[in-house]
Amino acid sequence: MTYSPNFVPEGGNVSHPAITLGAGVPFQDLYKFADMNNVTIVGGYAQTIAASGGWVMGGGHSILSPVFGLGVDRVLQFRIVTPDGQIRVVNEFQNPDLFWALRGGGGGTFGVVLESTMLVEPQMKLQVASIHFTQTRQNAGPFLEILVEQALKWSREGWGGHMSPSGLINVNPLLTLEQAKQSMQPAVDFALSQNGTVVIEELPSWQTFFSKYVLAAESAIGAPTILGTRLIPAQNFASDDGKASLVKIFTTMFNEFNTSINAILGTPFLFNSTEGATSVTPAWRKSIWHLGFHGVWTYNATVEDIRSQYELVSNINQMLRDITPGSGAYFNEGDVHEPAHEQSFWGDNYPALLEIKRKYDPYGLLDCWQCVGWKGPEDERYACYL
Ligand SMILES: Cc1cc2nc3c(=O)[nH]c(=O)nc-3n(C[C@H](O)[C@H](O)[C@H](O)COP(=O)(O)OP(=O)(O)OC[C@H]3O[C@@H](n4cnc5c(N)ncnc54)[C@H](O)[C@@H]3O)c2cc1C
């Protein structure tokens, strides 16, 4: 890792404060390094994700993304080996088509990234809201109604975070502590009425937040699980009917299917992006929630048990697709059986991505499930997929 206060992409003439990091650097190390240099790097919510790998190439959401953009919005340069064996510098000025493709087209597709350089922000104070209570069949629905009701307001105020039927951990780089307390009052009142716990505090840096709230709460490892996700547009929260449809689906999810609900405030809602600069689905820019949920099974589950969890995830996702026509899903955390995945993950960017894939990897050396230009589900390497 190298910190450059005045990084100039090769071929350019404007400098930016940035960190250059090798492909193997996980966020835990990167956050510490940024903190030692008094800067903030925008990244994911887990210690082991590799910042220069699949995270950034697939989009890269952070709970700071509502204000500071996705990973793809902040990368300034890649160094990559393309399938023809060439090492290439890829940025706005050199190989710009590949730069665009790497900013959202997905890992494992266009080449092997050796390092990336990412824009950093100054060290920043964060307001943190940590609100929790014991979830019951009775209280989950009313709390989700509060989250849905507050969604647009909180997004306009710059909140990012993770919210579930039993609480939330949100952060805000824009508000004062007093404003943060006022903003979170509806959730606070509800949690206290359920004998829950509430902390609203100001922390001096991202690293302090990450150590206190993320590292301290790492999930158990090794549990078999699959994800489904959907980007929920702001528009769905703008009318009473839209909000009621969301709450109805959530109620079905936790009452009938017993699934978790993870509403992530991690879309670049307030970020002023340059149109067309990245290849993620444009649905990211219109959405305020990246909604995720899990299918789970135990180690001794039968293939049929596992298959039923995949089906459950697909069925729930379909309910969400039905109320969000034209939106999309996050490639890195998508339903394995996402129908019309090209449209869901990349929208109208797919044809151009396919052209770039064919240009840099004409023999299809690199391939992965539902990646741009993949060989399809019949290819023998996917025999392990249900
Ligand atoms: C616990 C957990 C928390 C998560 N939290 C977030 C989050 O907060 N935000 C978010 O956006 N996502 C999150 N994710 C999803 C995450 O972005 C994806 O799992 C992502 O694919 C991880 O990338 P990786 O390189 O670490 O993983 P890997 O599994 O190593 O790689 C994923 C894909 O990228 C390719 N790849 C990896 N390195 C390179 C490289 N150097 N060059 C070319 N291709 C490469 C691989 O071939 C593979 O196809 C989370 C995942 C987990 C497991």
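**View 1. Ile 19 has Met 118 of E6 as its bridge partner.** This is a predicted model, so to speak a computed picture: local features need pLDDT of at least 70, side-chain atom pairs count only at pLDDT 80 or more, and totals for chains, interfaces and linings use all residues. Residues are numbered from 1 along each chain as its sequence is written, and side-chain values use heavy atoms, with hydrogens and water left out. The Ile 19–Met 118 pair belongs to the E2–E6 pairing, which is antiparallel and runs over 5 bridges. Labels such as E2 or H2 come from DSSP runs numbered from the N terminus: helices (H or I) have at least four residues and strands (E) at least two. Two strands pair if DSSP finds at least two bridges between them.

**View 2. The sheet that holds E2 and E6 has 5 strands.** Reading across this open sheet, the order is E1-E2-E6-E4-E5, with antiparallel pairing. Strand E1 (2-7) and strand E5 (87-91) sit at the edges with a single partner strand each, so one side of each has no neighbour in the sheet. From one strand to the next, the twist averages 20°. Angles here run from 0 to 180 degrees between N-to-C directions, and axes are lines fitted to C-alpha atoms, for helices over the stretch in contact. Helix H2 (residues 51-58) packs on the sheet and touches E2, strand E4 (75-81) and strand E6 (112-119); the direction of H2 makes about 70° with that of E6. Contact means heavy atoms within 4.5 Å. As for the record, an unreviewed UniProt entry annotates residues 1-123 as "domain: FAD-binding PCMH-type". UniProt positions are given in the numbering used here, feature names are shortened, and such annotations may be inferred rather than shown by experiment. That span is 27% helix and 30% strand, and its end C-alpha atoms lie 18 Å apart.

**View 3. Ser 4 sits in edge strand E1.** E1 runs antiparallel to strand E2 (residues 16-22), and 4 bridges join the two. Phe 7 has His 16 of E2 as its bridge partner. Leaving out residues up to four places away in sequence, Ser 4 touches His 16, Pro 17 and Ala 18. Ser 4 counts as buried, at 17% relative accessibility. Buried means under 20% relative accessible area, exposed means over 50%, and partly exposed is in between (1.4 Å probe, protein chains only).

**View 4. Val 81 of strand E4 stands opposite Val 112 in E6.** E4 and E6 run antiparallel and are joined by 6 bridges. The C-alpha atoms of Val 81 and Val 112 are separated by 5.2 Å, although the two residues are 31 residues apart along the chain. Val 81 also has company beyond Val 112: not counting residues up to four places away in sequence, its contacts include Gln 86, Ile 87, Gly 111 and Leu 114. Val 81 is partly exposed, with a relative accessible area of 24%.

**View 5. E4 and E5 form a hairpin.** There are 5 residues between the two strands, and Gly 85 in the turn has a positive phi of about 90°. E4 and E5 run antiparallel, joined by 5 bridges. Along this pairing, Phe 78 stands opposite Val 90 in E5. Of the 5 residues of E5, 4 are buried, so E5 is largely enclosed by the rest of the structure.

**View 6. Another open sheet has 7 strands.** The order is E11-E8-E10-E9-E13-E14-E12, and the pairing is antiparallel. Strand E11 (197-203) and strand E12 (225-233) are the edge strands, each pairing on one side only. On average, neighbouring strands of this sheet are turned by 15° against each other, direction ignored. Strand E8 (residues 126-132) and strand E10 (residues 167-172) run antiparallel and share 6 bridges, with Ala 129 opposite Asn 170 in E10. Helix H7 (residues 177-193) packs on the sheet, touching E8, E10 and E11, and its direction makes about 165° with that of E11. Helix H8 (residues 206-214) lies across E8, E10 and E11 too, running at about 155° to E11.

**View 7. Helices H6 and H9 cross at roughly 145°.** The axes of H6 (residues 140-156) and H9 (residues 240-255) come within 10 Å. H6 passes H9 in a right-handed crossing: the near helix is turned clockwise from the far one by less than a right angle, whereas anticlockwise would be left-handed. Ala 140, Gly 141, Leu 144, Glu 145, Val 148 and Glu 149 of H6 meet Lys 243, Val 247, Phe 250 and Phe 254 of H9. These contact residues divide into 6 nonpolar, 1 polar and 3 charged. Nonpolar covers Ala, Val, Leu, Ile, Met, Phe, Trp, Tyr, Cys and Pro; charged covers Asp, Glu, Lys and Arg; the others, Gly among them, are polar.
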